[in-house]
Every structure is written in C-alpha cells, then in structure tokens.
Amino acid sequence: MRTWFRNRPPGGWRAAGLTHPGRVRPHNEDAFGLLERPPMWVVADGMGGHAAGDRAARIAVAAVVGAVSAVRRPGPEALVAAVEKAHRAVARDAGADPVRAGMGCTLVAALAAGPRLHVVHAGDSRCYLLRGGGLRVLTRDHSAVAELGDRSSGLRHVVTRAVGVALEAGPEYTWEGVERGDRVLLCSDGLWGPVPAGRIEGLLRESSDPLSACEALIEAALERGGPDNVTAVVAFRER
C-alpha cells in the first residue's frame with residue numbers, strides 16, 4: 001500500500017507512505033494516513049497479541065485524518081484532540097463486540113504548521129528528523145524497556161501507552177522548528193527495531209524523493225528478516 005503526493009502542497013512538503021506485512025506475520029496490523037492540506041502524517045501499529053489490532057490501527061488513522069482535516073487551521077491543540085478522538089473511537093468499537101475487547105494500537109502523528117512540526121504520539125511508533133549532520137528521534141518510546149529500563153524478554157514489547165486501551169496519561173506532545181531540507185520519518189517498530197539508526201539515516205539521506213526513501217527503508221527491514229509489519233511515512237521539506 002502506498003500514497004504519494006507528486007505536487008508541492010503548502011509549506012513546501014512532499015510526502016509518501018508505504019506499508020508491508022513483513023516476512024513473518026500472517027497479516028498486516030499497521031496503517032498510515034497522509035493529508036496534503038495541511039501537511040499531516042500518521043502511522044499506527046495494531047497491538048500485537050490483542051484482538052483486531054489491524055482494525056484498531058485503521059480506525060485510529062481514519063479518526064486522526066478526519067479530525068485534523070475538519071479544522072480550518074489546525075495547530076497542536078487540534079492534533080492532540082485528534083489523537084484523543086482516535087482513542088475514544090477505538091475503545092468504542094472494541095466495546096461493541098467481545099471478540100474485539102482489548103484491541104488497541106500505538107500511534108504517531110506529525111503536523112507541519114508554519115515554522116513548526118508538531119508531533120503527538122502514544123506507544124513506540126516513532127518520529128525521526130534528519131537535518132544537516134544527523135538523525136534524531138523526536139519521540140520517546142512509551143514502553144517497559146524505555147521507561148523501566150527492563151530489557152527482559154517478557155517485557156520487550158510491552159507498551160505503557162496505547163490508543164484505545166491505555167491512554168490515561170494522555171498522548172505525548174512535542175514540537176520542533178522546521179528548516180528547508182528537513183526530512184521527516186514516521187514509522188512503526190517493524191522498521192526501527194531491525195534496522196540500525198545509522199542505516200535509516202543513510203537511506204533517508206541518499207533517497208531522491210519520499211517514495212524512494214519509503215521503498216528503501218521497507219526493503220532494509222525485509223533484508224533483516226522482516227520480523228514484524230513495517231510501515232514508513234517520509235516527508236521532505238523543499239522550501
């Protein structure tokens with residue numbers, strides 16, 4: 001699945017997205033969405049081991065895209081509200097059928113508004129920024145490993161915040177000033193887990209456009225076994 005904006009929307013951003021089930025999982029529980037006006041991108045990863053994780057991811061992405069597109073000039077408050085709306089939508093759908101009880105997803109969304117990039121997330125889906133001399137992670141993983149420092153196998157994939165099931169602390173918000181030439185990556189842990197940060201940086205830097213960057217990143221994850229669903233959304237700021 002791919003989405004590609006060939007023109008140059010307001011703010012000078014071009015964006016593309018690509019998702020793949022990987023080489024191990026029987027189906028894809030990731031989802032992504034892109035808005036052209038305003039430039040906004042979102043990635044969701046259905047909770048592994050939970051009922052209907054793929055459904056949760058799709059509902060969450062649709063809710064975020066719909067909520068942001070309905071606001072005339074969205075800013076950080078609108079993005080946070082959109083993720084909270086997604087949380088309620090997933091929880092409501094899960095409550096409608098016992099088979100879907102407990103479904104949820106991690107989620108990261110980024111909105112380019114004027115001179116700033118606003119980022120909201122819950123879980124361990126990440127937002128990266130490539131600028132000048134290096135690649136930085138703008139998000140902080142909401143996971144047992146990141147927050148408790150416990151790297152035991154039993155807690156390796158435990159997330160402490162998720163849309164639909166565990167968002168009592170709310171989504172986390174951060175922002176970053178944007179510059180010409182910035183390259184932004186939103187991805188699920190199926191990418192950043194198997195692919196080293198240095199390889200991600202190199203592929204983002206070498207790619208001529210967002211779509212080729214997505215393709216190269218997905219292929220890198222597959223070359224390393226594709227142990228999970230993998231999704232990449234990449235945006236280039238050209239002016």
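Good morning. I begin with a definition: a residue is called buried when its relative accessible area is under 20%. The structure I am presenting is a predicted model, and that cut-off applies to several residues in it.

Let me start with the cysteines. The relative accessibility of C105 is 0%, so C105 counts as buried. C187 also has a relative accessibility of 0%, and therefore it too counts as buried. How many disulfides does the model contain? A disulfide requires two cysteine sulfur atoms within 2.5 Å, and by this rule the count is zero. C187, for instance, takes part in no disulfide. The cysteine sulfur nearest to that of C187 belongs to C127, and it lies 8.7 Å away.

I turn now to the sheet. It is an open sheet of five strands, arranged in the order 3-4-5-6-9, and the pairing is antiparallel. Which strands stand at the edges? They are strand 3 and strand 9, the latter covering residues 172-177. Each has a single partner strand, so one side of each is left without a neighbour in the sheet. On average, neighbouring strands of this sheet are turned by 10° against each other, direction ignored.

Strand 4 deserves particular attention. This strand spans residues 40-46, and seven of its seven residues are buried. In a regular strand, side chains alternate between the two faces of the sheet. In strand 4, M40, V42, A44 and G46 point one way, while W41, V43 and D45 point the other way, and all are buried.

What flanks strand 4 within the sheet? One partner is strand 3, residues 30-35, which pairs with strand 4 in the antiparallel sense over six bridges. A hairpin of four residues connects strand 3 to strand 4. The other pairing I will describe is with strand 5, residues 105-113, which runs antiparallel to strand 4 and is joined to it by seven bridges.

Individual residues illustrate these pairings. W41 of strand 4 has L34 opposite it, and its bridge partner in strand 5 is A110. M40, in turn, stands opposite L111 of strand 5.

Finally, the helices. Helix 1, residues 53-69, lies across strand 3, strand 4 and strand 5, and runs at about 160° to strand 4. Helix 2, residues 76-95, also packs on the sheet. The strands that helix 2 touches are strand 4, strand 5, strand 6, which covers residues 116-122, and strand 9. The direction of helix 2 makes about 20° with that of strand 6.

Thank you for your attention.

Notes: Residues are numbered from 1 along each chain as its sequence is written. This is a predicted model: local features need pLDDT of at least 70, side-chain atom pairs count only at pLDDT 80 or more; totals for chains, interfaces and linings use all residues. Side-chain values use heavy atoms; hydrogens and water are left out. Buried means under 20% relative accessible area, exposed over 50%, partly exposed in between (1.4 Å probe, protein chains only). Helices (H or I, at least four residues) and strands (E, at least two) are DSSP runs, numbered from the N terminus. Two strands pair if DSSP finds at least two bridges between them. Axes are lines fitted to C-alpha atoms, for helices over the stretch in contact, and angles run from 0 to 180 degrees between N-to-C directions. Contact means heavy atoms within 4.5 Å.
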